[in-house]
Amino acid sequence: MIVALDRDLMERILCPYGGEEELQDTGRSFANLSNTVETRDALSAEYCSLEILGSPAVYTRSRIMEDTVPKAFHQYELSGGFDSGEIYFELSANAEIGFMGTILCGEPLSLNEEGKLFLTDADLDWDGRSITLTEFFRYGM
């Protein structure tokens, strides 16, 4: 169960994608991570619930095929890293480097002119409940 986003959680999220090497505070995104991850249909992926800036959302480690996402959802990909000892995250339509997972939410998020949204640990509230996309649509949005 995910209860807080910390370095240990970051390692658990990232290591399956980039190997077992220890994460280091480089001040850059995790460019060494492999972007070879499982691509799934939106309805078959495993999700956990979270809030982004107070808005309900779901997270999966998988890349989600865009054409399988129901029209009620907005899809973003998550990447991240460490900078000066702080964890940071970036949401965008397509995480080219350092892919960490896919986030689906019911409300669109305000992206900057580059099509990105920069977040800190404080912007994300991971409650960690396992949830299906159908359950999220019915009860969580």
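A disulfide is taken here as a pair of cysteine sulfur atoms within 2.5 Å. In this predicted model, a search of the whole structure finds zero disulfides. Two of the cysteines can be described by their surroundings. Cys48 is buried, with a relative accessible area of 8%, and Cys105 is also buried, at 1%.

Strand β2 spans residues 47-52. Five of its six residues are buried, so the strand is largely enclosed by the rest of the structure. Pairing was found between β2 and two other strands, β9 and β3. Strand β9 covers residues 124-131 and runs antiparallel to β2, with five bridges joining the two. In this pairing, Tyr47 stands opposite Ile131 of β9. Strand β3, made up of residues 55-60, is likewise antiparallel to β2 and is joined to it by five bridges. Here Leu50 of β2 faces Ala57 of β3 as its opposite residue. The connection between β2 and β3 is a hairpin with two residues between the strands. Leu53 lies in this turn and has a positive phi of about 50°.

A further buried position was examined in strand β6, which comprises residues 86-92 and includes Ser92. The relative accessible area of Ser92 is 6%; because buried means under 20%, this residue counts as buried. Its side chain reaches the backbone oxygen of Asn94 at 3.3 Å. Leaving aside residues up to four places away in sequence, Ser92 touches Tyr76, Glu77, Gly115 and Lys116.

Key:
Residues numbered from 1 in each chain as written. Predicted model: local features only at pLDDT ≥ 70, side-chain atom pairs only at ≥ 80, totals over all residues. Heavy atoms only, no water. Buried < 20%, exposed > 50% of the residue type's maximum accessible area, 1.4 Å probe, protein only. Helix = DSSP H or I, 4+ residues; strand = E, 2+ residues; numbered from the N terminus. Pairing = 2+ DSSP bridges. Polar contact = N/O pair within 3.5 Å; in protein donor to acceptor, adjacent residues only side chain to side chain. Contact = heavy atoms within 4.5 Å.
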